[in-house]
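Work through the exercises below with the sequence and the 3D view side by side. Try each task before you read its solution.

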Amino acid sequence: MGVLTNLAKLTAMGFDNLATMNVGAQLAQAQATMDGLIAQNQLATEAAGPEFVSATATVTQLASTGVMVNDGVQVALGLLVLMPAGVPVPVTTTTVVPMALLPQVQPGATIGVRVDPAAPSRVLLDLR
């Protein structure tokens, strides 16, 4: 009957944890983390300088590099950037994307980017 005893102990431990769990605080902390990551991304986009211009890009490839940074995953992206002049330029970049924003960079998705027209490989994602 050791299995039933252990099951009873695990059930009691689960109820104890449930009683002390503060789901609202955990959700608030997760939201604050996401807001911070989004703010960092916006600051990086704004700090790109006057040489960067807004453009759109279509994600052609997405691959994880296996690196995790805080609540984000580093990915290698293949992009087809539509330059302001209307010329599509294939670009490959590696960046950290928050896990909650990962659905926005799936292959086939169209995203906003900031790109240096003189060096199109210099691309910043504009995820929100």
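## Exercise 1: Overall layout

The protein chain, read along the sequence, follows the pattern α-α-β-β-β-β-β. This is a predicted model, in which local features need pLDDT of at least 70 and side-chain atom pairs count only at pLDDT 80 or more, while totals for chains, interfaces and linings use all residues. Residues are numbered from 1 along each chain as its sequence is written, and side-chain values use heavy atoms, with hydrogens and water left out.

**Task.** State how many helices and strands the protein chain has, and set its radius of gyration against that of a compact globule.

**Solution.** Begin with the secondary structure, which comes to two helices and five strands; helices (H or I, at least four residues) and strands (E, at least two) are DSSP runs, numbered from the N terminus. Next, take the radius of gyration over C-alpha atoms, using for the globule the rule of 2.2 Å times the number of residues to the power 0.38. A compact globule of 128 residues would have a value near 14 Å, but the protein chain has 21 Å. Finally, look at the box filled by the C-alpha atoms along the principal axes, which is roughly 75 × 25 × 20 Å.

## Exercise 2: The sheet

**Task.** Give the order of the strands in the sheet, find its edge strands, and follow the pairing from one strand to another.

**Solution.** The sheet is open, with five strands in the order β3-β2-β1-β4-β5 and antiparallel pairing. Its edge strands, each of which pairs on one side only, are β3 (88-98) and β5 (119-126). Two strands count as paired if DSSP finds at least two bridges between them, and in general the strands of a sheet pair through backbone hydrogen bonds, either parallel or antiparallel.

Now follow individual pairs. Strand β2 (residues 72-82) is joined to β3 in the antiparallel sense over 11 bridges, and Leu79 stands opposite Val91 in β3. Between β1 and β4, which run antiparallel, there are six bridges, and the bridge partner of Ala57 in β4 is Ile111. Five bridges connect β4 and β5, again antiparallel, and a hairpin of two residues joins these strands.

## Exercise 3: Cover and a salt bridge

**Task.** Decide whether strand β4 is mostly covered or mostly open, and then describe the salt bridge that involves Asp116.

**Solution.** Use relative accessible area, where buried means under 20%, exposed over 50% and partly exposed in between (1.4 Å probe, protein chains only). Strand β4 (residues 110-116) is mostly covered, since five of its seven residues are buried, whereas in the whole protein chain buried residues make up 25% of the 128 residues.

Asp116 stands opposite Ala119 in β5, and its side chain meets that of Arg122 in a salt bridge at 2.9 Å, N to O. A salt bridge is defined as a side-chain nitrogen of Lys or Arg within 4 Å of a carboxyl oxygen of Asp or Glu, and the structure holds one. Asp116 counts as buried, with 7% relative accessibility, while Arg122 is partly exposed, with a relative accessible area of 40%.

## Exercise 4: A residue in β1

**Task.** Is Ser54 buried or exposed, and what separates its C-alpha atom from that of Gln104?

**Solution.** First locate Ser54, which is found in strand β1 (residues 53-69). Its relative accessibility is 54%, so Ser54 counts as exposed. Then compare positions: Ser54 and Gln104 are 50 residues apart along the chain, and their C-alpha atoms are separated by 17 Å.
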